[in-house]
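Good morning, and thank you for coming. Today I should like to walk through one structure, paying particular attention to its aromatic rings.

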Amino acid sequence: MDTEGTHDARNTAPQPSGGAHRSDPTVPRPAAPPAHPAVAPPAPPRPSALPGVPAMPSAPPAGAAASEPAVLGWLRMARPPAAPGIWTYGYKPKPPEDPDRVPGRQLISGAVIALLCAWLLWSLLWNGYLGAYWYWPLQVLRPDSWAAARTSGDRTAFLVATNAYYGLWILGILIVFGRIGRWPELIRRYVTPLVRNLRERTPAPRPEPAVDPAQWPELRAHGAADAADRLAAEARGGRMNDVDAARIARAWSSVRSGTNSLASFTDTVLRNGAAACAHPSGRRDLSRREAHHDLLAHQVRIGTAVDHLRNPYQHRGAGCALEPGVLGTSLLAVGPAGSGKTTRVVKPVVESMCLQALAGQCAVVAVGPAGTDLGADDAFDVVVRVGRPDPDCDLDLYGGTTDPDEAAGILAEALVGDLAEQLPGGDSRRAATALAQLLGPFRAAHDRFPTVPELRELLDGAPEAMTALRAALEEAGSQTLLRELDARARQSERAGDVAVLLADRIALLDRPAFSAFFDPTGSTRQVSLRALDHPLRVRIELPERGHAEASRILARLILAQFTECAVARADRSLFACLVLDEAAHTITAEALRGLQRLRSANAGAVLTLRSLDDVPDALRGTLLGAVGCRMAFAGVTTWDGARFAEVWGKEWVETRDVTDRQIIAEGAAMKAFHIFRHLVTGKAATAKAVTVRTVERERWSASDLANSVPAGHAVLSVTSVAGEHAPPVLIDLRS
């Protein structure tokens, strides 16, 4: 690579007019004709260009692409520590911010002007317009024999000394004007990164096996060298992908934690290679990917932080990503329809969770209205289409529990959770009690929970249903449960009994479209969220169009079941993620309490809303405080923006107030100068007074969120489970 930094003066340039310099120090110009032209040596040449300008580095040779499989480069890529929400794959931290940084346009223009001034000064000196004083030191110090040039040695010494003297002057001029024009800063800012990027295009040397991630050094260090050799060979042969590497790393972590034995792990790897420890479905990858994923860092990239002054310095220009470490605090995304919530955020997150489930790292439940594109069917283990005829899979209405009280609490939250403020006591406890008084006796009598039609009859107090249940309990001798049933019968006679409201709500699920669903008899294949301790991939489609209210009941049911089952897991090593696209009328006070418990259970939820108006007014501030990640898309209203501005808080910023004061000319010459300046610039002569203050300002005001966020952008703030947080960042979701 040609890295020549300067252009040296050439001896082939034309000499100054008038021949060589005289030895007499009183000559008016250094380029005067010589006294003895026949014997005087030729004058040193004029420099053809100013030295010190670096040459452009050459491009790397073509065809330098590595022939190794892409997975090797992916394994070896550096992932330095970064703030939450930054895409760490190949991330390079920025140097510390310089508060006195000169703008690029000003820096370049200043450097060009300084270069032109240096060239002008040298031209004036060379052509003698500034006199010959600059040449006197050389005339005084050189021997007279050099001027006579009696021998070839004298002529050579004369040329060397004169060129060196010219070089010293040129170097001094460049140093002075280079400092004035900030050339070193210009080189550091633009030339050095360009040279570094060109050098990085060349293939990097292969790291040592002891530190090469592609050689699985951790396995070798703990006695699994045979397994490491097999995996390294699979990677070199192109038979391993990123899901395989992440899955085997997950299996190795279970060995290190003592869950599995080293012998069984080694045997599995030696027999199956990269396909070892496969997902129960046998799949090793998704059929199609639309987002960028880094499974070693558990991240999915959703966009790029805009290089904007509002963004933190370290985030500007960096990729933005989501991962279980921040999704564990739950994410709320608010934006109007078409703003990109589903396509730019929800779908990439679901795709990432499905890949991590194939790697044995998480379990995902994706819920959305029918027709929403949350991924292909083959990306999931189970797809539940509620309301569709001939379903392949059913949804468990009771969440897989056998405890009547727990089932009653979950079902009451789903049925009347949105009306809790209107119920006696201001919550759904009475509704849960009424359901428990029926579910407990029914399960004791039939060893199962009731179907939707049976539960509706019991809530309506149908005489045939109540008599049959009482007879079954009397036959079984369950006196305690008979007392529960009697209490329910007495309460049903009171005015304002909550069972009437429960019966009206459960009737929304007792429709012909749902006749094949919610069957607790065991005749259908049901999905239970009790299986969240397995790497499960579930997608549930809700009948939003034809049964909007039933769809909301089911959304609240799934959210309640998820928060209950995720916390109740015995094995929390897998990250459990619920993605609820369009969570309107789903957020309740009990749901918020459940969301807050997910952080300590290695679980999280992703919720989207078109507006905060879909949440009860009393719960909007609580919702924004309960989640750790908040996202406002382009097009939010000012009243929604005010909520985000309030939760994001304020920061101290430095402001400058500039005041112009007109200058009054006191003399005729000054007045003439002011008139001339006004004619040239079109402005009156003024003096500026700058006042610098530190004030407290909102990070993002309601007006900024409503009017200043461009289309295809969003403002995101994240908080990790460990407590680290990043301030709001403006993200371009299209890059």
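Let us begin with a small question: which residue follows α2, and what is the sign of its phi? The residue is Gly128, and its phi is positive, near 80°. Please keep in mind throughout that this is a predicted model.

Let us now turn to the helix itself. Helix α2 covers residues 104-126. With 23 residues, α2 spans 33 Å between its first and last C-alpha, which is close to the 33 Å expected at 1.5 Å a residue. Several residues of α2 are buried, namely Leu107, Ala111, Ala114, Ala118, Trp122, Leu125 and Trp126. A general point helps in reading such a list: an α-helix has 3.6 residues a turn, so residues three or four places apart point the same way.

I come next to the aromatic rings. The structure contains 16 aromatic pairs. One of them joins Trp122 and Trp134, with ring centres 5.9 Å apart. How should this pair be classed, by the angle between its planes? The planes stand at 70°, and an angle over 60 degrees counts as edge-to-face, so the pair of Trp122 and Trp134 is edge-to-face. This pair links distant parts of the chain: Trp122 belongs to helix α2, whereas Trp134 lies in the loop between α2 and α3, twelve residues apart. Are these two residues buried or exposed? Trp122 has a relative accessibility of 6% and counts as buried; Trp134, at 1%, is buried as well.

A second pair makes a useful contrast in geometry. The ring centres of Phe514 and Phe518 are 6.3 Å apart and their planes meet at 55°, so this pair is tilted. Both Phe514 and Phe518 are buried.

Ring pairs also build a cluster, which consists of Trp122, Trp126, Trp134, Tyr135, Tyr165, Tyr166 and Trp169.

Rings may also have a charged group placed over them. The charged end of Lys94 sits over the ring of Tyr313, 5.1 Å from the ring centre. Likewise, Arg310 lies over the face of Trp700, at 4.8 Å from the centre of that ring.

Finally, let us consider the surface. Tyr129, Leu130, Tyr133, Trp136, Val140 and Leu141 form a nonpolar patch there, and together they have about 720 Å² of accessible area. Within this patch, Leu141 is placed in helix α3. Leu141 counts as exposed because its relative accessibility is 72%, and the cut-off for exposed is over 50%.

Thank you for your attention.

Conventions
Residues numbered from 1 in each chain as written. Predicted model: local features only at pLDDT ≥ 70, side-chain atom pairs only at ≥ 80, totals over all residues. Heavy atoms only, no water. Phe/Tyr/Trp six-rings, centres within 6.5 Å; stacked < 30°, edge-to-face > 60°. Helix = DSSP H or I, 4+ residues; strand = E, 2+ residues; numbered from the N terminus. Buried < 20%, exposed > 50% of the residue type's maximum accessible area, 1.4 Å probe, protein only. Lys NZ or Arg CZ within 6 Å of the ring centre and 35° of its normal. Patch = residues over 30% accessible without salt bridge, like charges linked within 9 Å, V, L, I, M, F, W, Y side chains within 5 Å. Areas by Shrake-Rupley, 256 points an atom, 1.4 Å probe, with all protein chains shown as cover. Salt bridge = Lys/Arg side-chain N within 4 Å of Asp/Glu carboxyl O. Expected span 1.5 Å × (residues − 1).
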